[in-house]
Amino acid sequence: MGATGAVGSTLLEVLAQRSFPTSEVVPLASARSAGNKVGFAGEELEVRELTEDSFQGLDLILSSAGGTVSSEWAPRWIEAGAVVVDNTSFWRMHDDVPLVVAGVNDNAVEGHNGLVANPNCTTMQLMVALKPILDAAGIQRLIVSTYQSVSGTGRNAIAELRDQSEAVLKGERVEPKVYPHQVAFNVLPQVESFKNGDDYTTEERKVMGETRKILGLTEAVGISATCARVPVVTGHSESVNVQTERELSPEECRELLSGTDGLVVLDDPRDGIYPLPIAAAGRDEVLVGRIRRDPSHERCLNLWVVGDNLRKGAALNAVQVAELLDQRDLVRVPAGASLA
Ligand SMILES: NC(=O)c1ccc[n+]([C@@H]2O[C@H](COP(=O)([O-])OP(=O)(O)OC[C@H]3O[C@@H](n4cnc5c(N)ncnc54)[C@H](OP(=O)(O)O)[C@@H]3O)[C@@H](O)[C@H]2O)c1
């Protein structure tokens, strides 16, 4: 669902790359792109419009068509017998919905009510880096500043960055459409929107709330996030300051993270070796580097975490969750399940 979008097209790519077992793959989108073709495993599949008939008989729906579509349609997909892995933010904080980062909290898929939510892309890569630290040394406080790429907003934002970059280089006027300001050659300290008089953005609230839910952190753990949009096509970067309960040296942290599946430590800064979004784009692993002691606190470490927001941040994790469901025989809607 959302097969023509930035996440949806990556989903099709990842499903094929990982040879996810399927008897039929049905790309769904809106009437706008019905009839268009999308690539899957060397074939061209015709996009179908999302209608009541289009999903009957499907076992699993990987959804990335925005929160409005998921809010309205997910209960109907579940009623029709399909298990949903949802990339949108709509159901993530719902009490009856597991929010799962594969490799971090796999067991949360057990007892799903027909829908498993995929976390926000910014939260996702952070969880991969923090889980080993949490398990080894506990976490007392977390301060995260993000530098997020435009593909996190979808295909229109990628086009906007390209168009604006060309316009600026030609000395032409720039008309922002997707973002409130010009994003080319700029940094915007606003990712998503400010709602209900809040001085944090909805993205910052997601990072803080989802982190707490996935890692099971109590209110006693302080979390603070600042999210910025930068003119990068793909790959979110994060500066992470983590205060642990027990002291963890940078060397121990480096060793711990080096031995974690799905993480690659690139940390030789004097030789220019550290994670970069252009190196993370297209990769499945989350990259971590610049691991160092915060000089202001003996139990704080600073890290630089970079991941491909479309792969582990969205499509790859959704497929890994689907694989978990398949391996555990959980691709079935439990009797009486509903999302109230
Ligand atoms: N981009 C990321 O890094 C990322 C990461 C994690 C989660 N997400 C979430 O994933 C969702 C999609 O993001 P995206 O970046 O892929 O956006 P996108 O590139 O703008 O794609 C949106 C997709 O949704 C479809 N769609 C939109 N409205 C629809 C409707 N009313 N009915 C049916 N299909 C509809 C579009 O189909 P048409 O071609 O027919 O318009 C398109 O396939 C969002 O909720 C986003 O928050 C994105």
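**How the helices and sheets of this chain pack**

Helix α3 passes helix α6 in a right-handed crossing, and this pair makes a convenient place to begin reading the model, which is a predicted one. Two packed helices are described by the angle between their axes and the distance between the axes. For α3, which covers residues 121-137, and α6, which covers residues 250-258, the axes come within 10 Å and cross at roughly 120°. An angle from 65 to 115 degrees would count as roughly perpendicular and one over 145 as roughly antiparallel, and α3 and α6 are therefore described as oblique to each other. On the α3 side the contact is made by Ala-129, Pro-132, Ile-133 and Ala-136, while α6 contributes Cys-253, Leu-256 and Leu-257. Sorted by class, this contact of α3 with α6 has 7 nonpolar residues and no polar or charged ones.

Helix α3 also meets a second helix, α8, which is formed by residues 311-327, and here the axes come within 8 Å and cross at roughly 85°. The two helices α3 and α8 are therefore roughly perpendicular to each other. From α3, the residues in this contact are Cys-121, Met-124 and Val-128, and from α8 they are Lys-312, Gly-313, Ala-314 and Asn-317. By class, the contact of α3 with α8 has 4 nonpolar, 2 polar and 1 charged residues.

We can now turn from the helices to the sheets. Strands of a sheet pair through backbone hydrogen bonds, either parallel or antiparallel. One open sheet is formed by 6 strands in the order β9-β8-β10-β13-β12-β11, and its pairing is mixed. The edges are taken by β9 (222-229) and β11 (263-265), and because each of them has a single partner strand, one side of each is left without a neighbour in the sheet. From one strand to the next, the twist of this sheet averages 20°. Within the sheet, strand β8, residues 139-148, runs parallel to β9 and is joined to β9 by 8 bridges, and a reader who wishes to follow this pairing can find Leu-142 standing opposite Ile-223 in β9. Helix α6, already met as a partner of α3, packs on this sheet as well, where α6 touches β11, β12 (286-293) and β13 (300-307), and the direction of α6 makes about 170° with that of β12.

Another open sheet is built from 3 strands in the order β5-β6-β7, with parallel pairing. Here β5 (60-63) and β7 (115-117) stand at the edges with a single partner strand each, so one side of each is left without a neighbour in the sheet. The twist in this sheet averages 15° from one strand to the next. Strand β6, residues 83-86, pairs with β7 in the parallel sense over 3 bridges, and the bridge partner of Val-84 in β7 is Leu-115. Helix α2, residues 67-79, packs on the sheet and touches β5, β6 and β7, with a direction that makes about 155° with that of β6.

It remains to look at the chain as a whole, whose secondary structure comes to 8 helices and 13 strands. Along its principal axes, the C-alpha trace of the protein chain spans about 60 × 55 × 45 Å. A compact globule with 340 residues would have a radius of gyration near 20 Å, and because the protein chain has 20 Å, its value agrees with that expectation.

Terms used:
Residues numbered from 1 in each chain as written. Predicted model: local features only at pLDDT ≥ 70, side-chain atom pairs only at ≥ 80, totals over all residues. Heavy atoms only, no water. Axes fitted to C-alpha atoms, helices over the stretch in contact; angles between N-to-C directions. Helix = DSSP H or I, 4+ residues; strand = E, 2+ residues; numbered from the N terminus. Parallel < 35°, antiparallel > 145°, perpendicular 65-115°, else oblique. Left-handed = near helix turned anticlockwise from the far one by under 90°. Contact = heavy atoms within 4.5 Å. Nonpolar A, V, L, I, M, F, W, Y, C, P; charged D, E, K, R; others polar. Pairing = 2+ DSSP bridges. Rg over C-alpha atoms; globule rule 2.2 N^0.38 Å.
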